[in-house]
Amino acid sequence: MKALTVLLLIFMSGQLFAHQKKESITTVIFNERTANIEIIHRFSVHDAEHSAKQLFGTAFDLLNDTTSQKQFADYINKNFSMKRLSGELLPLKTVGFEIEGRFIWS
């Protein structure tokens with residue numbers, strides 16, 4: 001019985017720390033129709049709220065507060081850049097952001 005208890009505790013401890021990794025996905029594509037490079041960032045709302053609290057020191061409600069959404073999107077757009085091989089920064093134009101399900105897109 002002790003061995004079963006120990007195995008259960010080991011299994012459960014992994015579950016307690018299962019969602020510690022914060023991640024986002026950035027997709028960069030070339031749109032042949034418009035001849036533009038398009039950059040799309042996707043964040044989990046849950047992860048983004050935790051990160052925003054650490055960054056800005058306040059509670060964020062990304063699902064319901066457009067001010068929080070805009071502040072987070074502005075931060076992402078300000079801190080993301082692309083350069084040419086020569087080192088010259090590419091000028092980027094922000095299109096916007098949206099909440100879709102459990103994700104914020106910027």
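Reply: Before we start, a residue counts as buried when its relative accessible area is under 20%. The model here is predicted.

Me: OK, so what share of the chain's residues count as buried?

Reply: Of the 106 residues, 18% count as buried.

Me: And how much area does the chain expose?

Reply: About 8,500 Å², with carbon and sulfur atoms supplying 58% of that area.

Me: How many helices and strands are there, and what pattern do they follow?

Reply: The chain has 3 helices and 4 strands. Along the sequence the pattern reads α-β-β-α-α-β-β.

Me: Which residues make up the largest nonpolar core?

Reply: That core has 9 residues: F43, V45, A48, A52, F60, L62, F72, I76 and I104. Helix 2 (45-56) and helix 3 (66-79) each supply at least two residues of this core.

Me: Which helix gives the most to this core?

Reply: Helix 2 does, with 3 residues.

Me: What does F43 touch?

Reply: Leaving out residues up to four places away in sequence, F43 touches S24, A48, F72, I76, R102, F103 and I104.

Me: Switching to pockets. What volume does the largest pocket have?

Reply: The largest pocket's volume is about 660 Å³.

Me: How many residues line the largest pocket, and which lie nearest its centre?

Reply: The lining has 20 residues, and E38, I39, K93, T94 and V95 lie nearest the centre. By class, 11 lining residues are nonpolar, 6 are polar and 3 are charged.

Me: Which strand gives the most to that lining?

Reply: Strand 2, residues 36-44, contributes 6 residues to the lining of the largest pocket.

Notes
Residues numbered from 1 in each chain as written. Predicted model: local features only at pLDDT ≥ 70, side-chain atom pairs only at ≥ 80, totals over all residues. Heavy atoms only, no water. 1 Å grid on protein atoms, 1.4 Å probe; cavity = no way out; pocket = protein on both sides within 12 Å on 5 of 7 lines; lining within 4 Å. Points joined across faces, edges and corners; volume = space filled by probe spheres on them. Nonpolar A, V, L, I, M, F, W, Y, C, P; charged D, E, K, R; others polar. Core = buried A, V, L, I, M, F, W, Y, C linked by side-chain atoms within 4.5 Å. Buried < 20%, exposed > 50% of the residue type's maximum accessible area, 1.4 Å probe, protein only. Contact = heavy atoms within 4.5 Å. Areas by Shrake-Rupley, 256 points an atom, 1.4 Å probe, with all protein chains shown as cover.
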